[in-house]
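These exercises ask you to reason about charged side chains in a protein chain. Please read each task, look for the residues yourself, and then follow the solution step by step.

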Amino acid sequence: MDHGLLPAAILVAVTIALWATARLPEYLVALLFFAAAAILHVAPVDVVFSGFASAAFWLVLSGFVLGLAIRKVGLADRMAGALAAQLNGSWPRMVGGVILLTYGLAFVMPSNMGRIALLMPIVMALADRAGLAEGSRGRYGLALAVGMGTYQLSASILPANVPNLVMAGAAEQAYGLHFAYLSYLWLHAPVMGILKGLALLGCICLMFPARPQPVAAGAARAPLSRGEKRLSALLAITLALWMTDAWHGISPAWVGLAAACVCLLPRVGFLNGDEFAAGVNIRTCIYVAAILGLAAVVTASGLGHAIGRWLLALLPLDPAQPLRTFYALVGLTGVLNFVVTANGVPALFTPLAQALADGSGLPLLTVLMIQVIGYATPVLPYQAAPFVVAMGMGKVPPRAGLALCLAVALITVVVLVPLDYGWFKLLGWLPAPS
């Protein structure tokens, strides 16, 4: 490694190790990263702190505000009541319903952060109705179902996930390739969508067992209050703008920020300054900004490119052994996920795809599609910013999120990757043996 890259490499390694082991609070590790990166000049200051200027940071912040407003006016409890009637009966039914809801919403709402902001207060109200108290394993399970279902399963839908869009843009720029919505969905949804959702359901039910109380249907609910009507209208407008961002060109982050501002306006909104200060999880916001900043530092310093080239030389790519090659490419994206996190993986992997295709004997398009399996399967929570946000909103301890990440990643490597290999082969994405 170039001597000039060593400070960046050491800083990134120490930051990742501290996040992974949770030896220090995640927000403190984030602040230490900012301080060390600025003092050591591992990258320009605007790169180090670029996370605060990113759309993802502002979508996280606005998501906390919208979630607070939904809970305060009683809309979350009302929606949870309607949801409970469908998910009542058993713990697997409740968890499965939440996972299915996260996947279904991904087809119409493009932003992971936005979906989490919308669903988390509703699902937490559902947990209250089912008697899953704060700090209980069942409550953690429902929160993790929202976070993991929202992020991991949405990778099988082309426009529903930021890494997918980064990959599509990088592939178009580098190779002139354009991905079709339906062919992408048909390739990834059966295994990385449906089967992975079932694996997530099994893991949560086993690792976070609960006995939810039966939720009685009860009498007819009171009519919507004035606050609920106003907030419902605001959410409907926000959701409509999120769903049509490709048409009007306004980022979901700025739509969410505008909605959050409305919620905070005196006499017009729903929250005051004290409620904002007490309810918005600034710790998680700083953590997310640091994750994005770390990925930017890795890219800007040249560390990511150096690591990618080094790994490329080590990969056991062999056209005569396609399954091993398939695993090697998935493993490469998994390793890159440790360094640049999920949003940065396609930006780093995609430029290497042609060399990987030449060395493996696989079609370029197949190599590009294989990376989806890797970046959609975080081994540690920090690798997927939406999952971190869901843990923050659901008050899930880091150890619980880490355990679920490891369990799902293990099942993916042992069971789902071979199934994906077979599915790729069945659809003709892998060449027949010569």
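The exercises below concern salt bridges in this model, which is a predicted one.

**Exercise 1.** Decide whether Arg283 and Glu26 form a salt bridge, and state which helices they lie in.

*Solution.* The cut-off to apply is a Lys or Arg side-chain nitrogen within 4 Å of a carboxyl oxygen of Asp or Glu. For Arg283 and Glu26 the closest N and O atoms are 3.4 Å apart, and the pair forms a salt bridge. Arg283 belongs to helix H15 (residues 282-300) and Glu26 to helix H2 (residues 26-40), so the contact ties together parts that are 257 residues apart in sequence.

**Exercise 2.** Classify Arg283 and Glu26 as buried, partly exposed or exposed.

*Solution.* Buried means under 20% relative accessible area, and exposed means over 50%. With 42%, Arg283 is partly exposed; with 19%, Glu26 is buried.

**Exercise 3.** Locate the salt bridge between Lys72 and Glu275, and classify Lys72 and Glu275 by accessibility.

*Solution.* The two side chains meet at 3.0 Å, N to O. Lys72 sits in helix H4 (residues 55-72) and Glu275 in helix H14 (residues 273-279), 203 residues apart, and the pair thereby links distant parts of the chain. Lys72 is partly exposed, with a relative accessible area of 45%, and Glu275 also counts as partly exposed, at 26%.

**Exercise 4.** How many salt bridges does the model contain by this rule?

*Solution.* The count comes to 5 salt bridges, including the one between Arg283 and Glu26 and the one between Lys72 and Glu275.

How values were computed
Residues are numbered from 1 along each chain as its sequence is written. This is a predicted model: local features need pLDDT of at least 70, side-chain atom pairs count only at pLDDT 80 or more; totals for chains, interfaces and linings use all residues. Side-chain values use heavy atoms; hydrogens and water are left out. Helices (H or I, at least four residues) and strands (E, at least two) are DSSP runs, numbered from the N terminus. Buried means under 20% relative accessible area, exposed over 50%, partly exposed in between (1.4 Å probe, protein chains only).
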